[in-house]
Amino acid sequence: MTTQQKAFLPYGRQSIDERDIAAVVDVLRGDWLTTGPMVDAFEADFAVASGAAYAISCSSGTAALHMAALALDFQPGHYAVVPAVTFSATANALRYCGSEVIIADVDPATGLLTTDTAMAAIHRAVSDGIDLSRIRAFFPVHLNGQCVEILELAELAAQTNCSLVFDACHAIGSDWYDLDGNSHKVGANLGGAMSTFSLHPVKTVTMGEGGVVTTDDADCAERLRRLRSHGITRDPACFVEKSQAFDSDGEANPWYQELVELGYNYRASDVHCALGRSQLTRLDAFVSRRRELAARYDSLLTSYGNFLTPVARTASCNPAWHLYAVLIDFALIEKDRATVMRQLAAEGIGTQVHYVPLHRQPYYRQRYGRTKLPGADAYYERCLSLPLYPTMEVDDVDRVVDALAGVLSK
Ligand SMILES: Cc1ncc(COP(=O)(O)O)c(C=O)c1O
């Protein structure tokens, strides 16, 4: 088979099998297409898989981030710290609330927010005249599936009186280690923190489109459930307008529901949850396969150290690699990234850049001006995500590395 005839390897793709199809078809044949039992069943399984007490499903990772910001009562005049290297949705969720984003630098070797870069962002904001009391949360991102330093950031959040929302959209299946070396699942939240997940097709498990917020706080979980469904409650204990809510015997009226705050229709249907639940049964297998393929990349890429390295590894995490990102010194090889990507595509290899940093996006540039974030710029200028998904073969990894070596040396 010639190179041209070989299958195209995208940078990521879903792995759907007959069990997933059967699970979806079962729901289609049943009584509930939405707000049915599959939603509860998926949420129960997701809570176990992520290590959280509560998992609240929703229509996307973006909706999950927005719901988390709403549950923290983000409003105009409030600020949150968000790393520059992330998908725009992390920051956009705050803007949906009318709140402002303090774009923080990242470690140039990992792309991750650190306590130092978060503190530097706060100092910059305060020197720009922002009142410290208006900075209300950090939204760190577990980029590529690698966790930020969870305990250090939790300590910083406590010191600065801030909440924590971990954008774990890349990280279902990742584990992090505490100071005693004990391992915790990525959604095992500390105190009142929330974690948000995406189940978009390129992610480790998919529901087509979908998202989840996890929390250990029962009240927060209840609020999230209400926010994803218009802000309406059907719980008589929460009814405010007693005279219209209850009959003369004190029984709640059977039709009655109350809109207690402004929410959204961010629900995930039973159809989506059936797919997500079926996929979750293979989470461990997907994660092991991703780790195996990443290890193969690692072993093949050691010899390119002067101009190409995998993103640096953090000590306190066992990542469920969502992306396999490398850092390439394009200046040293005297070839620009676009040319490398096009030449790889011609060899049947898809790559992508995750991400154009927030401070370079026109929307945020117009709003906050030009911000100097050297760590994020250095990461962005060098990063490239190579193909990684469970149905890839080890031979495919070898093919990618051979093609990359060829393209970089030409
Ligand atoms: C880091 C990060 N945050 C948020 C999102 C938004 O998730 P969704 O596409 O499910 O809305 C994504 C999705 O690509 C993401 O990668």
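1. The open sheet in this predicted model is built from seven strands in the order S1-S9-S8-S5-S4-S2-S3, and its pairing is mixed. Its edges are S1 and strand S3 (100-104), each of which pairs on one side only. Averaged over neighbouring strands and with direction ignored, the turn of one strand against the next is 25°.

2. At one edge, S1 pairs with strand S9 (residues 211-215) in the antiparallel sense, over five bridges. Within this pair, Ile-56 has Val-213 of S9 as its bridge partner. Elsewhere in the sheet, strand S4 (residues 135-138) and strand S5 (residues 163-167) run parallel and are joined by two bridges. There, Phe-138 stands opposite Leu-164 of S5. Helix H7 (residues 218-227) packs on the sheet and touches S1, strand S8 (194-198) and S9. The direction of H7 makes about 10° with that of S1.

3. Although S1 is an edge strand, five of the five residues of S1 (residues 54-58) are buried, so the strand is largely enclosed by the rest of the structure. In a regular strand the side chains alternate between the two faces of the sheet. In S1 both faces are covered: Tyr-54, Ile-56 and Cys-58 lie on one side, Ala-55 and Ser-57 on the other, and all are buried.

4. Helix H3 (61-71) is likewise largely enclosed by the rest of the structure, because 11 of its 11 residues are buried. Among them are Gly-61, Thr-62, His-66 and Met-67, together with alanines such as Ala-63 and Ala-64. The cover over these buried residues includes S1, H4, S5, S8, S9 and H7. After H3 comes Asp-73, with a positive phi near 60°.

5. Which residues are closest to the ligand? They are Ser-60, Gly-61, Thr-62, Cys-169 and Ser-198, out of 14 residues that surround the ligand. Helix H3 (61-71) and helix H4 (89-96) are the elements that give two or more residues to this shell. Gly-61 and Thr-62 also appear among the buried residues of H3. By class, the shell holds nine polar, four nonpolar and one charged residues.

6. Ala-118 sits in helix H5 (residues 115-127). Is Ala-118 buried or exposed? Ala-118 has 26 other C-beta atoms within 10 Å, and the cut-off for a buried residue is 20 or more, so Ala-118 counts as buried. Leaving aside residues up to four places away in sequence, Ala-118 touches Val-81, Ala-104, Leu-113, Phe-138, Leu-153 and Leu-156. One of these contacts, Phe-138, is the residue of the S4 and S5 pair that stands opposite Leu-164. Thr-34 is 84 residues from Ala-118 along the chain, and 40 Å separate their C-alpha atoms.

7. The protein is divided into domain 1 (18-280) and domain 2 (283-409). Taken over C-alpha atoms, the centres of the two domains are 27 Å apart. Contacts between them involve 36 residues of domain 1 and 32 residues of domain 2. On the side of domain 1 that touches domain 2, strand S6 (residues 175-177) gives the largest share, three residues. By class, that side of domain 1 has 18 nonpolar, 13 polar and five charged residues.

Methods
Residues numbered from 1 in each chain as written. Predicted model: local features only at pLDDT ≥ 70, side-chain atom pairs only at ≥ 80, totals over all residues. Near = placed C-beta within 6 Å. Helix = DSSP H or I, 4+ residues; strand = E, 2+ residues; numbered from the N terminus. Nonpolar A, V, L, I, M, F, W, Y, C, P; charged D, E, K, R; others polar. Domains from an automatic or database assignment. Contact = placed C-beta atoms within 7 Å. Buried ≥ 20, exposed ≤ 12 C-beta atoms within 10 Å, placed from the backbone. Pairing = 2+ DSSP bridges. Axes fitted to C-alpha atoms, helices over the stretch in contact; angles between N-to-C directions.
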